[in-house]
Amino acid sequence: MTTEPQTASRGLPYHLILLGGRPGWWRSVVGILSLVVVGGLLAPALVSIPFVAGLAVTGHSGASIERMLDLDDPTPLGLAYLNLALAAAIPLTWLIIRVLHGLLPRWLASVLPRLRWRYLFVCVGLALVALIATIVVSALLPAQDTGPAVTGEVNDFTSTTRDFLLVVLFLTPLQAAGEEYAFRGYLTQAFGGIFRHPVPAVVAPAILFALAHGIGQSIPIFFDRLAFGLVAGTLVILTGGLEAGIAMHVLNNWLAFGLALAFGDMGSSLNPTGGSWWAIPVTLTQSLVYLALALFVARTMGLATRGDPIVLVAPQRRV
């Protein structure tokens, strides 16, 4: 590990924020392990408790609980459970950075430190522009099989469709934000704290993000998720916050679930298979266009990219 000199006048960039907390690189290692274990095992179990209790109180059998947990053929209740289980990463990362590093949770949002809502909403529009560019490029290339299975016919609008739509509209943004707080938030700062360099702070969380979506996924689909992680991670460091990654993540998920509800099925959206190598130029188009637009707007808005060293002080415990 190398030591990167930081002057008080310049402050700390996003990936080195943890250096302003309690000393010890081992804290980041413990934090990473805690996030993996608690976020991957304990949090989903805890989130399932009110769902299981609700089903039991309303007289549903154990088969209903198994049906809720079946994400190969999800129900609206199952999708709600999945979204909230992933959203639980937000309070979990807050707890880790507060307890282990002695920093207030708001330092995960940005170097300001808080979510810069105006930039976040602008980035939703930028993500839409990048998506339109993707559609144009996709139309010029052979068919790509990376998303939900599309039948070509509009699905009937049923009560189940309505319930899915409500879950996607209100809970999917929380799910996307949860993943961003985990991978582009804490993991970026943790790997940055260990290696004190932006490259591992971006690459390591991006690889873990792609792997977290399934070991057996095809290479084109893995590349799509890896590219997203690399772009979102780069934007976190270059813009000093999570806003651009959250905006792109929310829009991507809304699009995927929306297409599934309109033309396909939710199971294929959650568990895409196959994949075409022709999808890679499409992925690169979306990633590079969004990266350029988000950086241009961030520079135009004059967003801060370093934390104020006067404010960035680990809270002291009272004796």
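How close do the axes of helix α1 (residues 26-57) and helix α6 (residues 159-195) come, and at what angle do they cross? They come within 8 Å and cross at roughly 150°. Before I go on, a word on the model: it is predicted, so local features need pLDDT of at least 70 and side-chain atom pairs count only at pLDDT 80 or more, while totals for chains, interfaces and linings use all residues. Residues are numbered from 1 along each chain as its sequence is written, and side-chain values use heavy atoms, with hydrogens and water left out.

Some vocabulary. Helices (H or I, at least four residues) and strands (E, at least two) are DSSP runs, numbered from the N terminus. Axes are lines fitted to C-alpha atoms, for helices over the stretch in contact, and angles run from 0 to 180 degrees between N-to-C directions.

Back to our pair. That angle makes α1 roughly antiparallel to α6; the labels are roughly parallel under 35 degrees, roughly antiparallel over 145, roughly perpendicular from 65 to 115, and oblique for the rest. The crossing is left-handed, meaning the near helix is turned anticlockwise from the far one by less than a right angle (clockwise would be right-handed). On the α1 side, the contact (heavy atoms within 4.5 Å) includes Arg27, Ile32 and Leu35, and on the α6 side, Tyr186, Phe191 and Ile194 are among the residues. By class, this contact has nine nonpolar, three polar and one charged. Here Ala, Val, Leu, Ile, Met, Phe, Trp, Tyr, Cys and Pro count as nonpolar, Asp, Glu, Lys and Arg as charged, and the others, Gly among them, as polar.

Now look at α6 again, with α4 (89-99) as its partner. These two pack at about 25°, with axes 8 Å apart, and are therefore roughly parallel to each other. Trp94 and Ile97 of α4 are among the contact residues, as are Tyr181 and Tyr186 of α6. The tally is ten nonpolar, three polar and no charged.

Next pair: α9 (243-263) and helix α11 (residues 279-301), whose axes come within 11 Å and cross at roughly 140°. They are therefore oblique to each other, and this crossing is right-handed. Met248 and Asn252 of α9 take part, along with Gln286, Tyr290 and Ala294 of α11, among others. Five nonpolar, two polar and no charged residues make up the contact.

What about empty space? The second largest pocket holds about 250 Å³. On a 1 Å grid over the protein atoms alone, a pocket is an open set of points with protein on both sides within 12 Å along at least five of seven lines, whereas a cavity is a set where a 1.4 Å probe fits but cannot get out; lining residues have an atom within 4 Å of a point. Grid points are joined across faces, edges and corners, and the volume is the space filled by probe spheres set on the points. Of the 14 lining residues, Trp117, Leu120, Pro173, Ala177 and Ile246 are the closest to the centre. The lining divides into 14 nonpolar, no polar and no charged.

Two backbone oddities to finish. A cis peptide bond joins leucine 112 and proline 113, with omega about 10°. Arginine 196, in the loop between α6 and α7 (198-212), has a positive phi of about 55° although it is not a glycine.
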